[in-house]
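I opened the model to look up its core, its pocket, its charged pairs and a few separations. The entries below follow that order loosely.

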Amino acid sequence: MPLHYLIALFIGMPVLELALLFKLHGAVGFVPTVLLVLFTGVAGAALVRRQGVNMLFKIQQEMANGNLPAPQMIDGVMILIAGALLITPGLITDVAGFSLLIPFVRERIRFWLRDKLEQKIRNGHIQVKVNRP
């Protein structure tokens, strides 16, 4: 990702989050706004913990069956990212974090990532080499 996109993300996202929180504060007041931020953080942490433990169990089960748990590992990374987004104060990050906790959304992202990787391999941007003894 180019540097100017990262700068825009790390400066723009907090500004958007603050603007949205100020707008919500104006509509419902200070206490409900703070309670909403706290509730989404606590609820998100509980959901991430539950889904994370379930994903670890699925990974162990796949490995015990002799299978490579690649989809489950990718889901685990997305659940970890969801946790980071949910403990970050703000409504936009909360929506993104809760979205990553929906299995259908994670599946769509996995397919999109696979397609992007296959496209980069076909275009020669990524080369796969196999070393055989």
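Before reading any accessibility I fixed the classes: buried is under 20% relative accessible area, exposed is over 50%, and partly exposed lies in between, with a 1.4 Å probe and protein chains only. The model is predicted, so I kept to its limits: local features need pLDDT of at least 70, side-chain atom pairs count only at pLDDT 80 or more, and totals for chains, interfaces and linings use all residues. Residues are numbered from 1 along each chain as its sequence is written, and side-chain values use heavy atoms, with hydrogens and water left out.

**Entry: salt bridges**

I took a salt bridge as a side-chain nitrogen of Lys or Arg within 4 Å of a carboxyl oxygen of Asp or Glu. By this rule I get 5 salt bridges. For helices I used DSSP runs (H or I, at least four residues), numbered from the N terminus.

I looked up Arg114 and found a salt bridge to Glu118, with the closest N and O atoms 3.7 Å apart. The two are 4 residues apart in helix H5, so about one helical turn separates them. Arg114 is partly exposed at a relative accessible area of 42%, and Glu118 is partly exposed at 35%. I also noted a network in which salt bridges that share partners join Asp75, Arg106 and Arg110.

Within that network I checked Arg106 and Asp75, whose closest N and O atoms are 3.8 Å apart. Arg106 lies in helix H5 and Asp75 in helix H3, so this pair ties together parts that are 31 residues apart in sequence. Arg106 counts as buried because its relative accessibility is 5%. Asp75 counts as buried too, at 10%.

Glu107 forms a salt bridge with Arg108, the closest N and O atoms being 3.7 Å apart. Glu107 is partly exposed at 29% relative accessibility, and Arg108 is partly exposed at 42%.

**Entry: a buried charge**

Which side chain of opposite charge is nearest to Glu17? I found Lys23, 14 Å away; Glu17 is buried yet has no salt bridge. For charge I counted Lys and Arg as positive and Asp and Glu as negative, leaving out His and the chain ends. Glu17 lies in helix H1, residues 3-28. I then listed its contacts (heavy atoms within 4.5 Å). Leaving aside residues up to four places away in sequence, Glu17 touches Pro89, Gly90, Leu91, Ile92 and Thr93.

**Entry: nonpolar core**

I defined a nonpolar core as a set of buried Ala, Val, Leu, Ile, Met, Phe, Trp, Tyr and Cys residues joined through side-chain atoms within 4.5 Å. The largest one has 9 residues: Val48, Met55, Ile59, Met78, Ile79, Ala82, Leu86, Leu100 and Leu101. Helix H2 (30-64) and helix H3 (70-87) each supply at least two of its residues. H3 gives the most, with 4 residues.

I picked Leu86 from this core and listed its neighbours. Not counting residues up to four places away in sequence, Leu86 touches Thr40, Gly41, Gly44, Val48, Asp94, Gly97, Phe98 and Leu101.

**Entry: helix H4**

Which residues of helix H4 (residues 91-100) are buried? I found Leu91, Thr93, Asp94, Gly97 and Leu100. The buried residues of H4 pack against H1, H2, H3 and H5.

**Entry: largest pocket**

I searched on a 1 Å grid over the protein atoms alone, with a 1.4 Å probe; a pocket is an open set of points with protein on both sides within 12 Å along at least five of seven lines, and lining residues have an atom within 4 Å of a point. Grid points are joined across faces, edges and corners, and a volume is the space filled by probe spheres set on the points.

The largest pocket has a volume of about 220 Å³. Its lining is Ile74, Val77, Met78, Ile81, Leu100, Ile109 and Leu113. H3 and helix H5 (103-122) each supply at least two lining residues. The largest share of the lining, 4 residues, comes from H3.

**Entry: separations**

I looked up two C-alpha distances. Gln61 lies in helix H2 and is partly exposed, with a relative accessible area of 40%. Gln61 and Thr88 are 27 residues apart in sequence and 32 Å apart in space, C-alpha to C-alpha. Arg114 and Val15 are 99 residues apart along the chain, and their C-alpha atoms are separated by 32 Å.
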